[in-house]
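This report is an introduction for a reader who has not met the structure before. It takes up a handful of residues in turn and describes the surroundings of each.

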Amino acid sequence: LADPFFLKVKDTFYLFVEHQKLKGGASIALLTSTDGLHYTPKGTVLKEKFHLSYPQVFTYKNEFYMLPESQQSHQVLLYKAKKFPYEWAICDTLIKNIQLKDPSIYLSDTLNILMACDKKQTLHMYQADSLFGNWKLHAQPNVLTGSESRPGGRITAYKNKLILPIQNAANGYGYGLSLYEMKFVKWQY
């Protein structure tokens with residue numbers, strides 16, 4: 001199990017994770033809890049012919065969405081819950097013809113960004129006017145390069161700042177996690 005993302009809905013914690021068996025690609029599995037400490041496995045909730053991981057689940061306009069890593073498909077795919085939390089279907093392709101690792105999205109009334117890393121360890125930033133808008137590279141798209149360039153969790157607003165967790169791979173995959181404060185000098189669509 002890897003790449004946990006949780007969402008609390010009413011009295012239940014939903015923990016979505018990458019589940020990889022010894023052979024083959026990974027799929028997305030679910031665990032649930034009522035106390036946030038003890039989780040019960042609920043099985044696979046999303047499986048494709050290609051590897052899936054990094055199941056960032058979020059709500060947008062009262063609907064549930066998942067933005068997993070789908071780099072083997074050469075697209076950034078967005079899924080919508082047909083029946084939350086167990087049934088998901090592709091509802092949009094946000095970015096086509098590219099392999100990106102661990103896409104992290106942030107949506108608000110004034111700012112919509114997506115951050116993801118390529119195979120050369122460069123973190124790219126995309127922007128759009130809405131979730132279903134035309135996602136294109138930001139005017140200064142290359143944000144970070146090197147061993148700290150791969151998103152490691154949900155972009156979070158904290159005290160009027162955006163915080164992006166980044167995986168620290170200086171001593172190999174899974175070595176650590178750093179928190180980066182994002183600053184925007186000028187924003188244009």
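## Lys-8 in the opening strand

Lys-8 is located in strand β1, which covers residues 2–9. The model discussed here is a predicted one. With a relative accessible area of 48%, Lys-8 is classed as partly exposed, because the exposed class begins only over 50%. Thr-32 lies 24 residues from Lys-8 along the chain, and the C-alpha atoms of these two residues are 9.6 Å apart.

## A buried glutamate

Glu-148 belongs to the loop that runs between β12 (136–145) and β13 (150–151). Is this residue buried or exposed? Glu-148 is buried, and yet it takes part in no salt bridge. The nearest side chain of opposite charge is that of Arg-150, at a distance of 13 Å. A salt bridge requires the charged atoms to lie within 4 Å, so Arg-150 does not serve as a partner.

What does the side chain of Glu-148 meet in a polar contact? Its partner is the side chain of Tyr-180, at 2.6 Å. When neighbours within four places in sequence are set aside, the residues in contact with Glu-148 are Ile-166, Gln-167, Asn-168, Ser-178 and Tyr-180. Tyr-180 thus appears both in this list of contacts and as the polar partner.

## Aromatic rings

A pair of aromatic rings is described by two quantities, the distance of the centres and the angle of the planes. The structure has 11 aromatic pairs. One of them is formed by Phe-16 and Phe-84, with 6.1 Å from centre to centre and 55° between the planes, and it is tilted. The two residues of this pair come from distant parts of the chain, 68 residues apart: Phe-16 is in strand β2 (residues 12–20), whereas Phe-84 is in the loop between β7 (75–83) and β8 (87–96). Phe-16 has a relative accessible area of 0% and is therefore buried.

Phe-58 and Tyr-65 give a stacked pair, because their planes meet at 25°, with ring centres 5.9 Å apart. Both of these residues are buried. A single aromatic cluster brings together Tyr-14, Phe-16, Phe-64, Phe-84 and Trp-88.

## Cysteines

How many disulfides does a search of the whole structure find? The search finds 0. Two cysteines may be described by their accessibility. Cys-91 is partly exposed, at a relative accessible area of 32%. Cys-117 is buried, at 2%.

## Backbone features

Phe-84, already met in the tilted pair with Phe-16, is joined to Pro-85 by a cis peptide bond, with omega about 0°. Pro-85 is placed in the loop between β7 and β8.

Asp-102 and Lys-159 deserve a separate note. Asp-102 is not a glycine, but its phi is positive, about 50°. Asp-102 lies in strand β9 (residues 101–107) and is buried, with a relative accessible area of 0%. Lys-159 is likewise not a glycine and has a positive phi of about 50°. Lys-159 sits in the loop between β14 (156–158) and β15 (161–168). Is Lys-159 buried or exposed? Its relative accessibility is 62%, so Lys-159 counts as exposed.

Notes: Residues are numbered from 1 along each chain as its sequence is written. This is a predicted model: local features need pLDDT of at least 70, side-chain atom pairs count only at pLDDT 80 or more; totals for chains, interfaces and linings use all residues. Side-chain values use heavy atoms; hydrogens and water are left out. Helices (H or I, at least four residues) and strands (E, at least two) are DSSP runs, numbered from the N terminus. Buried means under 20% relative accessible area, exposed over 50%, partly exposed in between (1.4 Å probe, protein chains only). Lys and Arg count as positive and Asp and Glu as negative; His and the chain ends are not counted. A polar contact is a pair of N or O atoms within 3.5 Å; within protein, one must be able to donate a hydrogen and the other to accept it, and residues adjacent in sequence count only if both atoms are side-chain atoms. Contact means heavy atoms within 4.5 Å. Rings of Phe, Tyr and Trp (its six-membered ring) pair if their centres lie within 6.5 Å; planes under 30 degrees apart count as stacked, over 60 as edge-to-face and the rest as tilted. A disulfide is a pair of cysteine sulfur atoms within 2.5 Å.
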